[in-house]
Amino acid sequence: MSIDVRVEADRVKVCGALNQQTVSGGWDQQSATLTGRESLCIDLAGVSTTDTAGLAWLINLLAEARSSECQVHLTNVPSGLIKLAKISDIESLLPLQ
């Protein structure tokens with residue numbers, strides 16, 4: 001089982017559960033999503049649940065974007081993901097829009 005990552009022009013839609021069981025299948029799509037882009041909007045409206053592994057996956061994506069000089073903005077971030085980021089004291093790492 002993996003998360004569903006759909007690339008649509010300048011937007012990436014992430015759907016499904018963003019957790020330990022699903023994020024391992026999303027790593028391969030991650031780098032390809034950033035290739036050749038100056039900016040990217042990641043829409044998390046379709047994320048049903050998340051855990052710390054999902055948060056780590058997202059933070060890793062943001063780190064890869066920075067190293068690729070790609071500006072990333074997050075939209076429709078689920079409240080559970082924001083709560084996890086606050087508890088982990090890394091909310092400031094999320095480029096919320």
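**Exercise 1.** Determine at what angle helices α2 and α3 pack and how far apart their axes are.

*Solution.* Helix α2 and helix α3 (residues 79-87) pack at an angle of about 85°, and their axes lie 10 Å apart. Axes are lines fitted to C-alpha atoms, for helices over the stretch in contact, with angles from 0 to 180 degrees between N-to-C directions. Helices (H or I, at least four residues) and strands (E, at least two) are DSSP runs, numbered from the N terminus. α2 is therefore roughly perpendicular to α3 (65 to 115 degrees).

The model is predicted: local features need pLDDT of at least 70, side-chain atom pairs count only at pLDDT 80 or more, and totals for chains, interfaces and linings use all residues. Residues are numbered from 1 along each chain as its sequence is written, and side-chain values use heavy atoms, without hydrogens and water.

**Exercise 2.** Identify which residues make the contact of α2 with α3.

*Solution.* From α2 come T52, L55 and L58; α3 supplies L81, L84 and A85 (contact: heavy atoms within 4.5 Å).

**Exercise 3.** Establish the strand order of the sheet and which strands stand at its edges.

*Solution.* The open sheet has four strands in the order β1-β2-β3-β4, with mixed pairing; two strands pair if DSSP finds at least two bridges between them. β1 (4-8) and β4 (71-75) each have a single partner strand, so one side of each lacks a neighbour in the sheet. Five bridges join β3 (residues 39-50) to β4 in the parallel sense, and L40 has V72 in β4 as its bridge partner.

**Exercise 4.** State which strands helix α2 touches.

*Solution.* Helix α2 (residues 52-67) packs on the sheet and touches β1, β2 (11-18), β3 and β4. The direction of α2 makes about 175° with that of β3.

Conventions. Angles under 35 degrees count as roughly parallel, over 145 as roughly antiparallel, 65 to 115 as roughly perpendicular and the rest as oblique.
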